[in-house]
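Please open the model in the viewer and keep the sequence panel visible. The tour proceeds by selection, from the whole chain to single residues.

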Amino acid sequence: MSGIGRPAGRRGVGGFAEGIGYCFRGLGWVARHPRWWLFGLIPALIALVLYALALVWLGTHATDVAAWATPFADDWGWRDTFRTLVGVMIFVVGLALAVLTFTAVTLIIGDPFYEKLSEKVEEDCGGLPGGDQPFWSSLFRSIRDSLVTLWYVLLFTVPLFVLGFVPVVGQTVVPVVGALVSGFFLTVELTALAMERRGLRRKERFALLRSNMSASLGFGVPLFLSFMVPLVSVVAMPGAVAGAAMLVRMRLAPAAVPEGQAKDTRPA
């Protein structure tokens with residue numbers, strides 16, 4: 001089923017508030033199902049350990065990386081100071097990339113975990129639409145789509161990073177635009193599982209989310225801002241996946257409920 005032709009729901013502030021509501025619905029669902037919350041923590045913890053090891057290595061070798069990247073400074077009298085500054089910049093960029101890519105990498109690592117979690121949410125809400133997809137094709141698709149989404153993120157993030165050095169604009173407009181862009185693409189990542197279950201491919205998913213921009217931003221922006229707090233992304237990821245499944249099921253692309261199963265319309 002394609003939800004592209006479905007009329008868009010509430011827009012503006014109402015749609016944004018509705019998107020925020022699905023964040024809390026997802027958190028509420030995992031709070032009522034603690035075993036699934038623990039199950040959903042596994043891939044986030046694995047990703048956290050990998051990122052922590054990478055950042056520790058980068059922090060202890062940043063100066064060496066800076067020396068390798070700046071051979072032209074070998075004869076400078078102030079090369080150590082220069083390379084220390086470059087090393088700090090390299091670490092800051094690495095930290096920023098870690099924040100931007102953590103969700104995508106966690107979703108790739110946790111594809112089988114979050115697939116089951118998302119399915120459980122839909123079953124709890126009335127039944128699964130569509131059929132099961134082969135594991136390997138689903139995994140390779142997840143990796144491909146995550147890389148494409150990351151490419152789009154970088155297309156926006158790099159210019160915004162440069163504009164961040166512009167006085168006034170860089171401290172006011174750029175952070176707001178950056179949060180909106182990152183929030184939208186976070187929604188893209190999190191809703192992929194439920195949308196694919198409905199037969200929607202990447203271009204269709206983007207079109208559907210753009211036509212429901214307020215709800216997409218309302219769901220993604222608060223999550224993006226909260227994920228910037230250390231460890232919150234690990235704890236909240238299962239709830240984000242659950243909320244995304246509900247957002248797709250109830251708001252973006254409602255699917256027909258399997259025969260013999262009543263659709264659950266109770267508030268989550």
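Display the surface of the whole chain: the accessible surface comes to about 13,900 Å², and 72% of it belongs to carbon and sulfur atoms. Such areas come from the Shrake-Rupley method with a 1.4 Å probe, and for residues only the protein chains shown count as cover. The model is predicted, so local features need pLDDT of at least 70 and side-chain atom pairs count only at pLDDT 80 or more, while totals for chains, interfaces and linings use all residues. Residues are numbered from 1 along each chain as its sequence is written, and side-chain values use heavy atoms, with hydrogens and water left out.

Of the 268 residues in the chain, 43% are buried, meaning under 20% relative accessible area with a 1.4 Å probe, protein chains only.

Switch to the cartoon view. The chain has nine helices and zero strands; these are DSSP runs numbered from the N terminus, helices being H or I with at least four residues and strands E with at least two.

Next, select residues 79-109, helix α3. At Thr101, α3 bends by about 50°, the bend being the angle between axes fitted to the seven residues ending there and the seven starting there. Buried residues of α3 include Phe82, Gly94, Thr101 and Leu107.

Add residues 111-124, helix α4. The axes of α3 and α4 come within 5 Å and cross at roughly 85°; axes are lines fitted to C-alpha atoms, for helices over the stretch in contact, and angles run from 0 to 180 degrees between N-to-C directions. The two helices are therefore roughly perpendicular, a term for angles of 65 to 115 degrees. Which residues make the contact? Thr106, Leu107, Ile108 and Ile109 of α3 meet Asp111, Pro112, Phe113 and Tyr114 of α4, where contact means heavy atoms within 4.5 Å.

Now select Val241 in helix α9, residues 232-252. Is Val241 buried or exposed? Val241 counts as buried because its relative accessibility is 3%. Leaving aside neighbours within four places in sequence, Val241 is in contact with Leu107, Tyr114, Leu117, Ser118 and Leu190. Select Glu189 as well: Val241 and Glu189 are 52 residues apart in sequence and 9.5 Å apart in space, C-alpha to C-alpha.

Finally, go to Ser182 in helix α6, residues 169-197. Ser182 is buried, with a relative accessible area of 13%. Apart from neighbours within four places in sequence, Ser182 is in contact with Leu100 and Phe224.

Definitions and conventions. Parallel < 35°, antiparallel > 145°, perpendicular 65-115°, else oblique. Buried < 20%, exposed > 50% of the residue type's maximum accessible area, 1.4 Å probe, protein only.
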